[in-house]
Amino acid sequence: MRIRIVDAFTDRPFSGNPAGVLLLDSFPDDAWLQNVALEVNHAETAFAHRLPEGGEADWALRWFTPAAEVAMCGHATLATAHVLHTTGAHEGPVRFATRSGVLIATPRQDGSITLDFPTAPLTEVELPAEVAKALGAEPRAAFDTGPQVGDLLVELADEQTVRALTPDHKALAAFSARGVIATARAEDPAHGYDFVSRCFFPNVGIDEDPVTGSAHTALTPFWAGRLDRPDLTGLQASPRSGRVRVELRGERTLLSGRAVTVIEGDLLARP
């Protein structure tokens, strides 16, 4: 079986968010999938297999961190669509059947891929005092992002505060199902982005995720409301960094970015 490592939400190797991608004939047992994800040891490994023609989706898709299966993953979906298109396994828009419903990935003429994801519902919550201590900064506001994303979204004072965070990852695990999204308005939109974020997901074995598509389904409605426009660009200010172009369409959010295959090889440990 061919396995690939793809950097997503970037147009150059060694940046963006790396994901393992494995195309299968069917899904083996969960233990094998989890072991492969642990061996790959990136934030997510995506497993996909073709579905019969005539259904609501073209491919089945699942995502595993080194520690657990997740309900939604943007960068590994982008990576999978990139593999399907660059290998000729699928042409045109691809419909993925996932735990979060049918997700569509559409290739664009400029080489990017646009993902159609459900918009996360935001509910403002009272912030426990311990969050500021664990994060290392005082949030302005906090929001629950709903069950599919499973994060606590916190707005911080400015971009430099987000960039300077050195949180207590173990302590952050107590405040949400997956982790914490920290965000602030861009210091200078002339740099090509409207807001910054960083994402810490200790509950699924990821201290800091490099670029998180699913988090942008919550960041998009948050910043679209504050900046009063639906089309934005987010910069995830992790050490690897990456940009996500977003568009709010009511209950759906479009996430666009590029991807590049960095490694391709044979997986010898068959199920």
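**Exercise 1. Place Thr 77 in this predicted model: which helix holds it, is it buried or exposed, and what does it touch?**

Solution. Start with the secondary structure: Thr 77 belongs to helix H2. Next, check the accessibility. Thr 77 has a relative accessibility of 1%, so it counts as buried, given that the cut-off for buried is under 20%. Last, list the contacts, skipping residues up to four places away in sequence: Thr 77 touches Leu 61, Trp 63, Phe 96, Leu 115 and Phe 117.

**Exercise 2. Work out how many disulfides the structure holds, and why Cys 73 is not in one.**

Solution. The count first: there are zero disulfides. Now for the reason. The closest cysteine sulfur to that of Cys 73 sits in Cys 199, 11 Å away, and that is too far for a bond; the cut-off is within 2.5 Å. Turn it around and look from Cys 199: the nearest cysteine sulfur is that of Cys 73, at 11 Å, and Cys 199 is in no disulfide. Then check the burial of each one. Cys 73 has 3% relative accessibility, so it counts as buried. Cys 199 is buried too, with a relative accessible area of 0%.

**Exercise 3. Find the cavities of 30 Å³ or more: how many are there, and which residues line the largest cavity?**

Solution. Counting gives one cavity of 30 Å³ or more. The largest cavity holds about 50 Å³ of space. Now walk around its wall. The lining is made of Glu 44, Met 72, Cys 73, Gly 74, His 75, Arg 178, Phe 201, Ile 206, Asp 209, Thr 212, Gly 213 and Ser 214. Which elements give two or more residues to that lining? They are helix H2 (74–87), strand S14 (206–209) and helix H7 (213–227). Sort the lining by class and you get four nonpolar, five polar and three charged residues. Note two links to the earlier exercises: Cys 73 is one of the lining residues, and H2 is also the helix that holds Thr 77.

**Exercise 4. Describe the largest pocket: what is its volume, and which strand gives the most to its lining?**

Solution. Take the volume first, which is about 250 Å³. The pocket has 17 lining residues, and those closest to its centre are Phe 9, Thr 10, Asp 11, Gly 242 and Arg 243. Moving on to elements, two or more residues each come from strand S15 (231–236), strand S16 (242–249) and strand S17 (252–257). S16 gives the most, with four residues. Finally, the class tally of the pocket lining is three nonpolar, eight polar and six charged residues.

**Exercise 5. Take Asp 7: where does it lie, and which residues does it touch?**

Solution. Asp 7 is in strand S1 (residues 2–8). Its relative accessible area is 3%, so Asp 7 is buried. For a long-range link, try Ala 79: Asp 7 and Ala 79 are 72 residues apart in sequence, yet their C-alpha atoms are 7.1 Å apart in space. Now the contacts, leaving out residues up to four places away in sequence. Asp 7 touches Arg 12, Pro 13, Phe 14, Ser 15, Asn 17 and Pro 18, and also Arg 240, Arg 258, Ala 259, Val 260 and Val 262.

**Exercise 6. Put His 49 and Ile 104 side by side: is each one buried or partly exposed?**

Solution. His 49 lies in strand S3 (residues 44–50), while Ile 104 is in strand S7 (residues 101–107). His 49 has 12% relative accessibility, so it counts as buried. Ile 104 comes out at 31%, so it counts as partly exposed. Beyond four places in sequence, His 49 contacts Leu 24, Asp 25, Ser 26, Phe 27, Asp 58, Trp 59 and Ala 60. With the same neighbours set aside, Ile 104 contacts Pro 93, Val 94, Arg 95, Thr 114, Leu 115 and Asp 116. The C-alpha atoms of Ile 104 and Asp 116 are separated by 5.2 Å, with the two residues twelve apart along the chain.

**Exercise 7. Trace the pairing of strand S10: in which sense does it pair with S9, and how many bridges join it to S11?**

Solution. S9 (residues 123–124) and S10 (residues 141–144) pair in the antiparallel sense, over two bridges. In one of these pairings, Glu 124 has Phe 143 of S10 as its bridge partner. On to S11 (residues 151–155): four bridges join it to S10, and the two strands run antiparallel. Here Ala 141 stands opposite Glu 155 in S11.

Notes:
Residues numbered from 1 in each chain as written. Predicted model: local features only at pLDDT ≥ 70, side-chain atom pairs only at ≥ 80, totals over all residues. Heavy atoms only, no water. Buried < 20%, exposed > 50% of the residue type's maximum accessible area, 1.4 Å probe, protein only. Contact = heavy atoms within 4.5 Å. 1 Å grid on protein atoms, 1.4 Å probe; cavity = no way out; pocket = protein on both sides within 12 Å on 5 of 7 lines; lining within 4 Å. Points joined across faces, edges and corners; volume = space filled by probe spheres on them. Nonpolar A, V, L, I, M, F, W, Y, C, P; charged D, E, K, R; others polar. Pairing = 2+ DSSP bridges.
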